[in-house]
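Hi everyone, thanks for coming. Today I'd like to talk about charged side chains, so please have a look at this one with me.

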Amino acid sequence: MPATERELRIGRRLRARGEARLFDALLSLRGVGMSRRFRLLRLLAVGGEGAIFTVSDDRDPEARLVGKIALQPWQKPIRISAKMLKERRANLSGEAGLIRDAGCPFLPEFRKLALFTNPLLVAARGGAFAEPEPCLVMERLPGQDLDLWLCRVHRGGVDKSALRSTLDRITVGLLQALTDLERRGFIYADLRPGNLRVVGRPQRRIRLLDAGACVPLNGDGTRFPHVPSYLPPRVFRNTDQGEALIPSPAISAAMAGRTLYEVATGKPPQAETYVDMARLARSPISPPVASVIAALANEDYERSSDALSVLVRAAKQRRRRT
């Protein structure tokens, strides 16, 4: 089948990185059936650990689903080892279990860990090469990626006064999502706008795209997928010097502040640099929300729920005054 415009954009990015054969390999998976029920359709995205496809369900034709498969160096089959296959499949299975067991309304809804025969592997090599490939089938979240939305509103000449209520609501929504995860024993490590989804009416909420970015609060620091520029500068310097990055609600809260700074100003944070408070003050958000974002970015809160409580109290006081 011919490639869609989105697939062509993915292909251009991969070719620019010298991975044209990886793109061709992923396209060859379109149409593959899984668990006698699901089918991979169109390539939606390629990340560092997985590739995302749209998925059809024979038992529920109206369902909006996506499937995530573990990414391997398909363009260089000789580099693929049995150990690599097992490790990356195990990570994907762990992500599936997290979505299934956590029951978090801010994550995609789990549908199934489907299995399929991977045509990109030579089964004759035996072992892991002959085992079925897992695919995490889950809800395709409605709405729009937050990074694309931010580009539109901050660079598209949108009246800033009209943005205040929406940006304030995004701030509250993200803190609600992080608070919910913390109560379930997780933090969201890869806090950047590209991993967040803005859902419009009637839900009007933030959804978290990549469940693989969830890290147990009792983790040992061996796994913490993140973009360094969203780490608080103190933590960035410590990890740059070899210190282990141990998950904590305080780090998550500070990362949320830096993400929300980008939401408010349209300017991404820079690694090892504190956010520009003057720029934040000029942004189209309400003063109480700007104050909370500044405090988050400055590591003044121990957890996201503390910041959310401040905003809830401020909202109640405003209602009483009116």
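I'll walk through some salt bridges and then a charged patch on the surface.

First, some housekeeping. This is a predicted model, where local features need pLDDT of at least 70, side-chain atom pairs count only at pLDDT 80 or more, and totals for chains, interfaces and linings use all residues. Residues are numbered from 1 along each chain as its sequence is written, and side-chain values use heavy atoms, with hydrogens and water left out.

How many salt bridges does the structure hold? There are 17, each being a side-chain nitrogen of Lys or Arg within 4 Å of a carboxyl oxygen of Asp or Glu.

Take Asp 57 and Arg 111, whose side chains meet in a salt bridge at 3.4 Å, N to O. Asp 57 sits in strand β3 and Arg 111 in strand β5, 54 residues apart. Is Asp 57 buried or exposed? With 3% relative accessibility, Asp 57 counts as buried, while Arg 111, at 28%, is partly exposed. (Buried means under 20% relative accessible area, exposed over 50%, partly exposed in between, with a 1.4 Å probe and protein chains only.) Both residues belong to a salt-bridge network with Arg 37 and Asp 60.

Next, Glu 299 pairs with Arg 234, their closest N and O atoms being 2.6 Å apart. Glu 299 lies in a loop between α9 and α10 and Arg 234 in helix α6, so this salt bridge ties together parts 65 residues apart in sequence.

Finally, Arg 21, Lys 76, Arg 79 and Arg 88 form a positive surface patch (residues with over 30% relative accessible area and no salt bridge, like charges joined within 9 Å). Arg 21, from helix α2, counts as exposed at 56% relative accessibility.

Notes. Patch = residues over 30% accessible without salt bridge, like charges linked within 9 Å, V, L, I, M, F, W, Y side chains within 5 Å. Areas by Shrake-Rupley, 256 points an atom, 1.4 Å probe, with all protein chains shown as cover. Lys, Arg positive; Asp, Glu negative; His and termini not counted. Charge placed at Lys NZ, Arg CZ, Asp CG, Glu CD. Helix = DSSP H or I, 4+ residues; strand = E, 2+ residues; numbered from the N terminus.
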